[in-house]
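Me: I have a structure open and want to learn how to read it. Can you take me through it feature by feature?

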Amino acid sequence: MLNRVILIGRVVNQPELRHTPGGSTVARFTLAVDRPMANRQGEREADFIDIAVWQRQAEVCAQYLN
């Protein structure tokens, strides 16, 4: 079984593209996702989620998520 999650947010930092010793490509970046409800003070909060993308998708992310 495969789980799928769709996150909508803002890219916090430019993706960092690297290659593993085995030759795989990986891109890492952080995504800021706003919470749907405000906190007790009425302020909107965000969760910062670390993302890792592999192979061809890593190359595409590094090229277009600037």
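**Reading the model**

Reply: Start with one residue: Asn 3 is exposed, with a relative accessible area of 67%. Here buried means under 20% relative accessible area, exposed over 50%, and partly exposed in between, with a 1.4 Å probe and protein chains only. This is a predicted model: local features need pLDDT of at least 70, side-chain atom pairs count only at pLDDT 80 or more, and totals for chains, interfaces and linings use all residues. Residues are numbered from 1 along each chain as its sequence is written, and side-chain values use heavy atoms, with hydrogens and water left out.

Me: Where is Asn 3 along the chain?

Reply: Asn 3 sits in the segment before β1 (10–11). Its C-alpha atom is 20 Å from that of Asp 47, a residue 44 places away along the chain.

Me: Which elements does the protein chain have, and in what order?

Reply: Elements are DSSP runs numbered from the N terminus: helices are H or I with at least four residues, strands are E with at least two. The protein chain has four strands and one helix. From the N terminus, the order is β-β-β-β-α. The radius of gyration is 15 Å, well over the 11 Å that the globule rule gives for 66 residues, so the protein chain is more spread out than a compact globule. That radius is taken over C-alpha atoms, and the rule is 2.2 Å times the number of residues to the power 0.38.

Me: What does the C-alpha trace span along its principal axes?

Reply: About 50 × 30 × 20 Å.

Me: How do I read burial and surface for the whole protein chain?

Reply: Take the buried share, then the exposed area. Of the 66 residues, 21% count as buried. The protein chain exposes about 5,700 Å², and carbon and sulfur atoms supply 51% of that area. The areas come from the Shrake-Rupley method with a 1.4 Å probe; for residues, only the protein chains shown count as cover.

Me: And contacts?

Reply: Contact means heavy atoms within 4.5 Å. Among contacts between residues at least 6 apart in sequence, 41% join residues at least 24 apart.

Me: Which residues of helix α1 are buried?

Reply: In α1 (residues 55–64) they are Ala 58, Cys 61 and Ala 62. Seen down the helix axis, these buried residues fall within an arc of 95 degrees, so they line one face of α1. The arc is that of the directions from the helix axis to the C-beta atoms. The buried residues pack against β2 (16–19), β3 (25–38) and β4 (44–54). The face turned away from the buried side carries the exposed residues Arg 56, Gln 57 and Tyr 64.

Me: What is the phi of Gln 55?

Reply: General idea first. Most residues other than glycine have a negative phi. Gln 55 has a positive phi of about 60 degrees, although it is not a glycine. Gln 55 belongs to helix α1. With a relative accessible area of 44%, Gln 55 is partly exposed.

Me: Which residues does Leu 17 touch?

Reply: Leave out residues up to four places away in sequence. Leu 17 then touches Thr 25, Val 26, Ala 27, Ala 58, Glu 59 and Ala 62. Leu 17 lies in strand β2 and is partly exposed, at 39% relative accessible area. Leu 17 and Ile 6 are 11 residues apart in sequence and 22 Å apart in space, C-alpha to C-alpha.

Me: Where is Asn 13, and what does it contact?

Reply: Asn 13 is in the loop between β1 and β2. Setting aside neighbours within four places in sequence, Asn 13 contacts Phe 29 and Thr 30. At 35% relative accessible area, Asn 13 is partly exposed. The C-alpha atoms of Asn 13 and Arg 40 are 29 Å apart, with their positions 27 residues apart along the chain.

Me: Is Pro 36 buried or exposed?

Reply: Pro 36 counts as exposed, at 74% relative accessibility. Pro 36 lies in strand β3.
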